[in-house]
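Please keep the viewer open beside the text, and follow the selections in the order in which they are given.

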Amino acid sequence: MYANDGFRELDRQECLSLLATVPVGRIVFTRQALPAVLPVNFGLDGDGAVLLRASAASELVRAVDGSVVAFEGDAVDAAARSGWSVVVTGPATVVSDLAEHRRLVRTGPRSWVPAPHEVFVRIRPELVTGRELVGGRTLYGVDLTALTSGGPRSA
């Protein structure tokens with residue numbers, strides 16, 4: 001981000017607080033040497049780790065276990081031209097500790113597509129970045145409301 005690009009950089013705590021307000025995000029990983037993006041429901045653990053719950057037999061679990069992935073969540077208000085986006089990057093691992101798995105069964109996210117044998121995938125938040133666009137006016141001083149109402153445009 002550039003200092004005057006119209007966005008405000010979010011700190012780590014702001015990012016995690018905002019991420020906790022949305023139920024669905026996107027996991028970005030590699031599938032057969034190509035980038036893949038899947039929407040998933042998720043939860044956050046106390047340490048800020050992103051938690052997914054999925055079928056143990058799923059292609060997603062096989063593809064991400066032991067890999068570095070990115071996870072993105074956002075909220076956008078198109079009419080107000082405002083919103084935010086947060087990206088968490090870090091290693092994804094299947095939770096193998098039995099006590100931890102039992103804890104997450106009680107406290108972790110619920111799968112929207114339950115399966116007979118589910119596992120939890122933990123994404124450790126090594127890099128957390130985010131930015132926010134507040135509607136109305138950019139840092140350049142351009143009035144966004146004039147652009148949507150047919151008013152003068154900046155070049």
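How much space lies in the largest pocket? In this predicted model, the largest pocket holds about 240 Å³ of space. Select its lining, which consists of 14 residues, and centre the view on Val40, Asn41, Arg53, Ser111 and Val113, the residues of that lining that are closest to the centre of the pocket. Next, colour the lining by class, and ten nonpolar, three polar and one charged residues will appear. Then show the strands β3 (34-41) and β5 (50-55), each of which supplies at least two residues of this lining.

From here, turn to a cartoon of the whole protein, where four helices and nine strands are found. Following the chain along the sequence, one meets the pattern β-α-β-β-β-β-α-β-β-α-β-β-α. If contacts are displayed between residues at least 6 apart in sequence, 65% of them join residues at least 24 apart.

Now switch to a surface representation, for which the accessible area of the protein comes to about 9100 Å², with 56% of it belonging to carbon and sulfur atoms. Of the 155 residues of the protein, 37% count as buried.

For the last stop, select Ser58, which sits in the loop between β5 and α2 (59-64). Is Ser58 buried or exposed? Ser58 counts as buried because its relative accessibility is 18%, and the cut-off for buried is under 20%. With the side chain of Ser58 shown, look for its polar atom that lies 3.1 Å from the backbone nitrogen of Val61.

Definitions and conventions
Residues numbered from 1 in each chain as written. Predicted model: local features only at pLDDT ≥ 70, side-chain atom pairs only at ≥ 80, totals over all residues. Heavy atoms only, no water. 1 Å grid on protein atoms, 1.4 Å probe; cavity = no way out; pocket = protein on both sides within 12 Å on 5 of 7 lines; lining within 4 Å. Points joined across faces, edges and corners; volume = space filled by probe spheres on them. Nonpolar A, V, L, I, M, F, W, Y, C, P; charged D, E, K, R; others polar. Buried < 20%, exposed > 50% of the residue type's maximum accessible area, 1.4 Å probe, protein only. Contact = heavy atoms within 4.5 Å. Areas by Shrake-Rupley, 256 points an atom, 1.4 Å probe, with all protein chains shown as cover. Polar contact = N/O pair within 3.5 Å; in protein donor to acceptor, adjacent residues only side chain to side chain.
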